[in-house]
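Okay, thanks for having me, everyone. Let me put the model up and we'll walk through a few bits of it.

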Amino acid sequence: MSNSQSNSVLYMSMSLDGYICGPNDNPQNPGGDRFMRLHEWYGFTGTPPNITGTGWGAHFLNEVHATGAVLAGRRTAEQVGHWHGNHHSVPIFVPSHRPPDPSVSKYPLVHYVTDGIESAMAQAKAAAGDRDVLVHGAYTAQRSLEAGVLDELQIHQIPVLFGAGKRMFETLPACIELKIVKVIDTPDATHIRYRIKRSHVSQGAMITKSDARSLN
């Protein structure tokens, strides 16, 4: 976003039937079977950590790398080894009710937050300044929606039906209205930017501090 206010934005590639992971998602098979089918549209080139995209893939990777902080679920962060402590050189906040493994202490940019999703997002936005916060992980996105602290969704909808795996919005407590901000249609993916309509987030969609302690 080009305004001076930090927004929290979920970036996610998703099949037409709502899956972000294929079957058999586990630490030995991150993202499950056919996971990369959801990300082929980036046109990745190079090898880690010097991966770039092509076309619209490069555009959205540049957008991601312009964010000022990362908010990631514990499972997501652990599966990728906390990005070895460096996700485009910005602070990484991980909401969890449990302290991190001692090995995480070697990563000064990784911060575990144990007092709820609202606190984690507030800290991420403070760290980001006038830049956006990049949100990673389905569970954390769902809890952020429930708490009313997720501002926007950048969904990359892929023309494929997975039929099984993990869905992005599997569990929500209430209807949440969205405003379409931008649509970019390409042969490989339809990129839809949504903004959450705050007036339509009901009190039933909010979680209490005691609920937030169940974050994993």
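I'll talk about one helix, then the salt bridges, then one strand and its partners.

Quick housekeeping: this is a predicted model, where local features need pLDDT of at least 70, side-chain atom pairs count only at pLDDT 80 or more, and totals for chains, interfaces and linings use all residues. Residues are numbered from 1 along each chain as its sequence is written, and side-chain values use heavy atoms, with hydrogens and water left out.

So, helix H3, residues 117-128. Helices here are DSSP runs of H or I with at least four residues, strands are runs of E with at least two, and both are numbered from the N terminus. Take 1.5 Å times one less than the number of residues, and that's the expected span of a helix. For the 12 residues of H3 that gives 16 Å, and the end C-alpha atoms are indeed 16 Å apart. The buried residues in H3 include Ile117, Met121, Ala124 and Ala128; buried means under 20% relative accessible area, exposed over 50%, and partly exposed in between, with a 1.4 Å probe and protein chains only. Right after H3, glycine 129 has a positive phi of about 65°.

Now, how many salt bridges does the structure hold? There are 9, counting a side-chain nitrogen of Lys or Arg within 4 Å of a carboxyl oxygen of Asp or Glu.

One of them starts on our helix: lysine 125 pairs with aspartate 151, closest N and O atoms 2.7 Å apart. That links distant parts of the chain, 26 residues apart, since aspartate 151 sits in the loop between helix H4 (138-147) and strand E7 (152-158). Lysine 125 is partly exposed at 24%, while aspartate 151 is buried at 9%.

Another one is aspartate 25 with lysine 166, at 3.9 Å between the closest N and O atoms. Aspartate 25 is in the loop between strand E2 (19-21) and helix H1 (56-65), and lysine 166 is in strand E8 (residues 166-167), so this pair ties together parts 141 residues apart in sequence. There's also a salt-bridge network linking Glu63, Glu152, Arg193 and Arg195.

Last stop, strand E6, residues 133-136. Both of its faces are covered: Val133 and Val135 are buried on one side, Leu134 and His136 on the other. E6 runs parallel to strand E1 (residues 8-15), joined by 3 bridges, where pairing takes at least two DSSP bridges between the strands. Strand E3 (residues 69-72) also pairs with E6 in the parallel sense, over 4 bridges, and alanine 72 has histidine 136 as its bridge partner.
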